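Here are some short exercises to work through with the model open beside you. Try each task before reading its solution.

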Amino acid sequence: MAESVLEFYQGLAEEYHLLFANWAQTVERQGAALDALLRRCGAPPPRRVLDCACGIGTQALGLAGRGYVVHATDLSPAAVARAEREAKSLGVTLTTGVADMRTLDTQVSGMFQVVLAFDNAVPHLLTDEDLDAAAHAMASKLAPGGLLALSVRDYDALMAEQPRFTSERVLDAPEGRRILFQVWDWAADGRTYTVHQFILRPEGKGWQATEHTGVYRALQRVEVERALTRAGLVDTRWYSPEETGFYQPILTARRP
């Protein structure tokens, strides 16, 4: 799991912002949405946050800009380095580290009121053993009463549909025009799928194309809930995008 995920995000780190019409605005918008959710869930002050799948910082930067004390980690050193650069550019303060979400208990020190794993990061855990390891590791970093929040695609619907292609998006932005689309190759049992993320940009009289490949597990909601319960967390609850303003369903759970 780690090697394929690492390769995916190492390659995507310098282009990740291109997946958004305006990444800086997305950071602000998602920070506002998560701040509202955490307040709604009663996350205890001082709201020290571990974002254990930070990528280039989309959620970590948004929360840090709103006064949260954020430690941002990721499996990809390139993504973490990009998050550090973006924090300086945006004038926000956070700390960073390279860590695997399955071994946070040994790689990250301290306890947190909130642990986050957003942007469909958990479905990179392709086996029950990896999922349980990550659930236990994330739970181990929560202070008593602390909140775990993660977001995943709606696989309960997607497994029935098994889409093969995401509609193209044409973005005209300060970085220039680009066309984005994904091709999904499903395994025969429908439990995993390989995503090919394509980014096309004008170059001379033609187009330059880059492609990034990642593998995901089509995790059902009940599978994620059970893993968190096995890790000793309680009060699992799903929030829809309509409830939160975040683009994916969010699952929360709490350490007793």
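**Exercise 1. Find which residues make up domain 1 and domain 2, and how far apart their centres lie.**

Step 1. Domain 1 takes in 1-153 + 220-255, and domain 2 takes in 156-216; these bounds come from an automatic or database domain assignment. Numbering starts from 1 along each chain as its sequence is written.

Step 2. Taken over C-alpha atoms, the centres of the two domains are separated by 23 Å.

Step 3. Their contact (heavy atoms within 4.5 Å) uses 18 residues from domain 1 and 24 residues from domain 2.

A word on the source: this is a predicted model, in which local features need pLDDT of at least 70 and side-chain atom pairs count only at pLDDT 80 or more, while totals for chains, interfaces and linings use all residues, and side-chain values use heavy atoms, with hydrogens and water left out.

**Exercise 2. Describe the largest nonpolar core and say where it lies with respect to the domains.**

Step 1. A nonpolar core is a set of buried Ala, Val, Leu, Ile, Met, Phe, Trp, Tyr and Cys residues joined through side-chain atoms within 4.5 Å. Buried means under 20% relative accessible area, exposed over 50%, and partly exposed in between, using a 1.4 Å probe and protein chains only.

Step 2. The largest such core has 47 residues, and Leu-63, Val-70 and Ile-250 have the most contacts inside it. Its largest share, five residues, is supplied by helix 2 (residues 23-40); helices (H or I, at least four residues) and strands (E, at least two) are DSSP runs, numbered from the N terminus.

Step 3. Both domain 1 and domain 2 give residues to this core, so it lies between them.

Step 4. Another core, of 32 residues, lies apart from it, with Cys-52, Met-101, Ala-139 and Leu-148 among them.

**Exercise 3. Which residues form an aromatic cluster with Trp-186, and why does its pair with Tyr-193 count as stacked?**

Step 1. The structure has 11 aromatic pairs. Rings of Phe, Tyr and Trp (its six-membered ring) pair if their centres lie within 6.5 Å; planes under 30 degrees apart are stacked, over 60 edge-to-face and the rest tilted.

Step 2. The ring centres of Trp-186 and Tyr-193 are 4.8 Å apart and the planes meet at 25°, so this pair is stacked.

Step 3. Trp-186 is buried, at 14% relative accessibility, and Tyr-193 is buried too, at 1%.

Step 4. One aromatic cluster joins Tyr-155, Trp-184, Trp-186, Tyr-193 and Tyr-216.

Step 5. Arg-153 lies over the face of Tyr-216, 5.2 Å from the ring centre. A charge sits over a ring if NZ of Lys or CZ of Arg is within 6 Å of the ring centre and within 35 degrees of the ring normal.

**Exercise 4. Is Asp-119 buried or exposed, and which is Asp-235?**

Step 1. Asp-119 has a positive phi of about 60° although it is not a glycine. Phi of Asp-235 is also positive, near 60°.

Step 2. Asp-119 is in the loop between strand 4 (112-117) and helix 6 (128-140), whereas Asp-235 is in strand 10 (residues 234-239).

Step 3. Asp-119 is buried, because its relative accessible area is 15%. Asp-235 is exposed, with 57%.
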